[in-house]
Amino acid sequence: MLKHKPTGRQTPLSLLLTISFTTLLVSPSLAQKTPVPPPSSAPLQLDLLTKPKDYVITANTINLEKIATPSLWWAKENSENKLLDNWIAYSASAEEPARADLIVNQQIWSLLDYLERYDFVNRLGSVARKDGYNVRVFNYQQELLATYTCNFNTSPALCSIQMNAQNKLGLLRSL
């Protein structure tokens, strides 16, 4: 009769069981750390700027009964008047969280370097985040230029900024 001597090494089966068991123990704790969701993939609806529906707010929409969110009017009128041209804000739905699609003046945007663009997205994203909105930045050619997306299920909200590859080239120009 053969006896198995312990050699200090685990057999492939026991190693596999150890890895599987460890994965089961670790997975629930990893699931609690919810990552930032990807930006919305919904198309930009520029027609809502001229024909707004009840479910959106734009820079040209004024609600006399209450101050509408997100509070982007102040940013547009103060420091972003030339760069931020308009926006479309969508309330949260069952499918996705609230978001604001910002439309920038492409001529001004192209003059900014990467850090100036990042600063713009971060400042306006922070304003929108306070009202529970994610942000996407577009030009009138409907090109997605940047996003500011948050996981509002964490406290504080966990957010991420993404800039498109074209924007990173501006960093080289500024050096």
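Me: What does the accessible surface of the protein come to, and what share of it belongs to carbon and sulfur atoms?
Reply: This is a predicted model, in which local features need pLDDT of at least 70 and side-chain atom pairs count only at pLDDT 80 or more, while totals for chains, interfaces and linings use all residues. Residues are numbered from 1 along each chain as its sequence is written, and side-chain values use heavy atoms, with hydrogens and water left out. By the Shrake-Rupley method with a 1.4 Å probe, where for residues only the protein chains shown count as cover, the accessible surface comes to about 11,700 Å², and the share belonging to carbon and sulfur atoms is 59%.

Me: Which element of the protein has the lowest mean pLDDT, and which the highest?
Reply: pLDDT is the predictor's confidence in each residue, from 0 to 100, and its mean over the protein is 75, with 63% of the residues reaching 70 or more. Over residues 14-32 the value stays under 50, and the model has 2 contacts (heavy atoms within 4.5 Å) beyond four places in sequence for that stretch. Among the elements, which are DSSP runs numbered from the N terminus (helices H or I, at least four residues; strands E, at least two), the lowest mean, 43, belongs to helix 1 (residues 12-32) and the highest, 96, to strand 4.

Me: In what order do the 6 strands form the open sheet?
Reply: Strands pair here if DSSP finds at least two bridges between them, and strand 3 and strand 4, for instance, pair in the parallel sense over 5 bridges. Within that setting, I103 stands opposite F138 in strand 4. The pairing in the sheet is mixed, and the order is 1-2-3-4-5-6.

Me: Which helix gives the most residues to the largest nonpolar core?
Reply: A nonpolar core is a set of buried Ala, Val, Leu, Ile, Met, Phe, Trp, Tyr and Cys residues joined through side-chain atoms within 4.5 Å, buried meaning under 20% relative accessible area with a 1.4 Å probe, protein chains only. Of the 27 residues in the largest one, W87, L102, V104, W109, F120, V121 and V137 touch the most other members. At least two residues each come from strand 2 (84-90), strand 3 (99-104), helix 5 (114-130), strand 4 (134-138), strand 5 (144-151) and strand 6 (158-163). The element giving the most, with 5 residues, is helix 5.

Me: How many residues does the second, separate core have?
Reply: Among the members of this second core are L46, L49, V56 and F138. The core is separate, and its residues number 9.

Notes. Buried means under 20% relative accessible area, exposed over 50%, partly exposed in between (1.4 Å probe, protein chains only).
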